[in-house]
Amino acid sequence: MLAHSAPLPLIIDDRGRTRGSTNYKEGIKLALQRRDRVRCIRLVMPLQGMQEVIAALDGEYPILSSLYIELSASMGVGLTPTPPQTVGLCASDKFSIAHNCHRPRHSLSCLAPPIRLPLSRSFASSAFARAPARDPLGHHLPLPS
Amino acid sequence: MPQLETLWVITYPSLRDIEILLLHTPVMTHVTFPNLRKLGFHSSSVLLEAILPWMTTPLIENFNVWFRRNQLTFPLPHLPRFLSTAEKLKFTGSNATLDLADSFASMRVYPRQETGIYQLEIGFSRQHLGLVESTAQLFMLGSIFLTVEHLTLNYEGREGSRIHYHNRDLTQWRDLLKSLCNVKTLRVGPSLVHQLSRILQLVGESLMEILPGLKELSFPRSVNDGACTTFAEARRIASRPITLVETDH
């Protein structure tokens, strides 16, 4: 499909929904081969899958402006067992995407800082329960939809 | 990646995973990101310290660092070095906000000009660490913070203004305040005013060593218990007057 598409910039946006499945990873690798078209990359997957995909990130990407890499222990098996409480928290600790205030809304804002859902008080003291709730402009970021 | 402007690295794996990863694939290549403006890093200090010496970011404007639970270990020699070599991250005369909560401690540093855009955010999950220890760790993360001129201290946690400090904590707070040589303006949130009062009451002979450059102390009117006024009066007598500003919030 990529070979026959117009040479528009590519946004590779894996939000972890596919849990790093083999087919999906192959698709990402194919897209990464179009180095001169890749504008944005967001990868959310466990360590093993990430290592495979990162290995494909070889060579120069002349127009790449945003790179977001998130290793998620909640979606796969890491090198060591994940503590149970971490798994539980990660289920609530999903991120969403905010508009990058430095860019117009229609532009490639997909890689703005992540927002963490405010966890319930019972979770808050036992885990990394807070990431920036505001962007660098100090704007409160919207909650995920 | 000559046009890369934004880079976020976020990891959830345990510290042990990261150590194994670094053991098998050590960072060995120096990379220059000539156009990188924003760098976000939410992971472990071990990983950060492994990466920072190998990257150059001449144009970085925003740096956001969070250390996850159990993933902040000292020392961190490369972090201050990285910050000090970033030409656009200059903190002298800047504003800083220190936020403490039940689960985290963080500090944001804004440039001297009031742009409203923070240059640096450093935070960590503080777990069972006390407030004063958390603050001390923040100071250890970046001695650069000690060059700020305008500092805001906030606490939003379950304990509210009922935080109980032992005298040992107060002594630590006092020592931290002594290190803030360049702070000219200090704003204190309602939950910390009472603690500040107790610290100021313990000042005694070290009156001039606490916040020596302070010109203005700002706090909510509703929690004024007189200690700040006493402190201001003592400073006035010592020919180092400060202005007290009582705010509505």
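Here are some worked exercises on a predicted model with chains A and B.

**Exercise 1. Where in chain A is confidence lowest, and where is it highest?**

Start with the whole chain. Chain A has an average pLDDT of 58, and 44% of its residues score at least 70.

Next, go element by element. Helix 3 of chain A, residues 84-92, sits at the bottom with a mean of 25. Strand 2 of chain A, residues 38-45, sits at the top with 91.

Then look at the weak stretch. Over residues 75-145 of chain A, pLDDT stays under 50. The model still has 132 contacts beyond four places in sequence for that stretch.

**Exercise 2. Work out whether the radius of gyration of chain B agrees or disagrees with that of a compact globule.**

Step one is the expected value: for 249 residues, a compact globule would come out near 18 Å. Step two is the value for chain B, which is 20 Å, and that agrees.

Now add some context. Along the principal axes, the C-alpha atoms of chain B fill a box of roughly 60 × 35 × 30 Å. Of the 249 residues in chain B, 44% count as buried. Take the contacts between residues at least 6 apart in sequence: 77% of these join residues at least 24 apart. The secondary structure tally for chain B is seven helices and twelve strands.

**Exercise 3. Describe how domain 1 of chain B meets domain 2 of chain B.**

First, the bounds: domain 1 of chain B covers 1-89 and domain 2 covers 90-249. Their C-alpha centres lie 28 Å apart.

Second, count the contacts. On the domain 1 side 17 residues take part, and they touch 16 residues of domain 2 of chain B.

Third, ask which elements build the domain 1 side. Strand 5 (62-67) and helix 3 (78-85) of chain B each give at least two residues. Strand 5 of chain B has the largest share, with six residues.

Fourth, sort that side of domain 1 of chain B by class: eleven residues are nonpolar, three polar and three charged.

While you're in this part of chain B, check the loop between strand 5 and helix 3, where Pro75(B) is found. The peptide bond from Phe74(B) to Pro75(B) is cis, with omega near 0°.

**Exercise 4. Which side chains of strand 11 of chain B are buried, and which strands pair with strand 11?**

Begin with the general pattern: side chains in a regular strand alternate between the two faces of the sheet.

Now apply it to residues 216-220 of chain B. Leu217(B) and Phe219(B) point to one face and are buried. Glu216(B), Ser218(B) and Pro220(B) point to the other face and are not buried.

Then find the neighbours. Strand 10 of chain B, residues 185-188, runs parallel to strand 11 and is joined to it by three bridges. Here Arg187(B) stands opposite Ser218(B). Strand 12 of chain B, residues 243-247, also pairs with strand 11 in the parallel sense, over five bridges. On that side Pro220(B) stands opposite Thr247(B).

**Exercise 5. Two residues of chain B, Leu211(B) and Ser239(B), have positive phi without being glycine. Is each one buried or exposed?**

Take Leu211(B) first. Its phi is about 45°, and it's found in the loop between helix 6 (190-201) and strand 11 of chain B. The cut-off for buried is 20 or more other C-beta atoms within 10 Å. Leu211(B) has 24 such neighbours, so it counts as buried.

Now Ser239(B). Its phi is near 60°, and it's in the loop between helix 7 (227-237) and strand 12 of chain B. Exposed means 12 or fewer neighbours. Ser239(B) has 7 inside 10 Å, so it counts as exposed.

**Exercise 6. Do the burial check for Asp17(B) and Ile237(B), then place each against a second residue.**

Asp17(B) is found in helix 1 of chain B, residues 15-24. It has 21 other C-beta atoms within 10 Å, so Asp17(B) is buried. Leu39(B) is 22 residues away along the chain, and the two C-alpha atoms are separated by 22 Å.

Ile237(B) lies in helix 7 of chain B. It has 10 C-beta neighbours inside 10 Å, so Ile237(B) counts as exposed. Ile237(B) and Lys90(B) are 147 residues apart in sequence, with 35 Å from C-alpha to C-alpha.

Note on methods. Residues are numbered from 1 along each chain as its sequence is written. Chains are lettered from A and ligands numbered from 1 in the order in which they are written. This is a predicted model: local features need pLDDT of at least 70, side-chain atom pairs count only at pLDDT 80 or more; totals for chains, interfaces and linings use all residues. Domain bounds come from an automatic or database domain assignment. Two residues are in contact if their C-beta atoms, placed from the backbone, lie within 7 Å. Helices (H or I, at least four residues) and strands (E, at least two) are DSSP runs, numbered from the N terminus. Ala, Val, Leu, Ile, Met, Phe, Trp, Tyr, Cys and Pro count as nonpolar, Asp, Glu, Lys and Arg as charged, and the others, Gly among them, as polar. The radius of gyration is taken over C-alpha atoms; the globule rule is 2.2 Å times the number of residues to the power 0.38. pLDDT is the predictor's confidence in each residue, from 0 to 100. Two strands pair if DSSP finds at least two bridges between them.
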